[in-house]
Amino acid sequence: MRARLSKIFHFEAAHTLPTLPEGHRCRQMHGHSFKVVIHVEGEVNEAVGWVYDHKDITQAMEPLLDQLDHAYLNDIEGLESPTIERIAAWFWRKLDPSLPGLAEICVHETPNSSCSFYGEF
């Protein structure tokens, strides 16, 4: 039996999008309450009854969230122009080695705006 787990995380951060045209409001410094949803897929271990221990996902995310929370994202290596697409890819690069079965990362910058990334570079 295969299943997909999802775990939700939050962080607050500021950024600018310097590649946008002059006059675009997102080129100016602004902040978001980001929500990140990590999805992991795999075979259910029948002996335990789950695909993954959610604690393992939390442990992989904690150092990344510590780095991003209340930070200026543009100062973080790999996020010099931190669109939600690039933030999702940044998370993927950081998490993929330690989370077998990583299937999707969805980054929300507002309740109505998000990006899903599936590891295709």
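Let me begin with the charged side chains: there are five salt bridges in this structure, and I should say at once that we are looking at a predicted model.

The pair I would like to take up at the outset is R2 and E41, which form a salt bridge in which the closest N and O atoms are 3.6 Å apart. Since R2 belongs to strand β1, residues 2–15, and E41 to strand β2, residues 30–43, this pair ties together parts of the chain that are 39 residues apart in sequence. As for their surroundings, E41 has a relative accessibility of 30% and so counts as partly exposed, while R2, at 53%, counts as exposed.

R2 has another partner, because its side chain also meets that of E43 in a salt bridge, with an N to O distance of 3.5 Å. Here again the link runs between strands, R2 being in β1 and E43 in β2, so that parts 41 residues apart in sequence are tied together. E43 itself comes out as partly exposed, with a relative accessibility of 46%.

Let me turn now to R27, which forms a salt bridge with E22, the closest N and O atoms lying 3.0 Å apart. In this pair R27 is partly exposed, at a relative accessible area of 29%, whereas E22 is exposed, at 67%. Stepping back to the salt bridges that share partners, we find R2, R4, E41, E43 and E104 joined into one network.

That brings me to T16, a residue in the loop between β1 and β2. Is T16 buried or exposed? Its relative accessible area is 11%, and with the cut-off for buried set at under 20%, T16 is therefore classed as buried.

Which residues does T16 touch, once its neighbours within four places in sequence are left aside? The contacts are C26, R27, Q28, M29, Y72, N74 and P82, and I would point out that R27 in this list is the residue we have just met as the salt-bridge partner of E22. With Y72 there is also a polar contact, in which the side chains of T16 and Y72 are joined at a distance of 3.0 Å.

To draw these pieces together, R2 has salt bridges to E41 and to E43, and these three residues sit in a network that also includes R4 and E104; T16, for its part, is a buried residue in the loop between β1 and β2, with R27 among its contacts.

Definitions and conventions:
Residues numbered from 1 in each chain as written. Predicted model: local features only at pLDDT ≥ 70, side-chain atom pairs only at ≥ 80, totals over all residues. Heavy atoms only, no water. Salt bridge = Lys/Arg side-chain N within 4 Å of Asp/Glu carboxyl O. Helix = DSSP H or I, 4+ residues; strand = E, 2+ residues; numbered from the N terminus. Buried < 20%, exposed > 50% of the residue type's maximum accessible area, 1.4 Å probe, protein only. Polar contact = N/O pair within 3.5 Å; in protein donor to acceptor, adjacent residues only side chain to side chain. Contact = heavy atoms within 4.5 Å.
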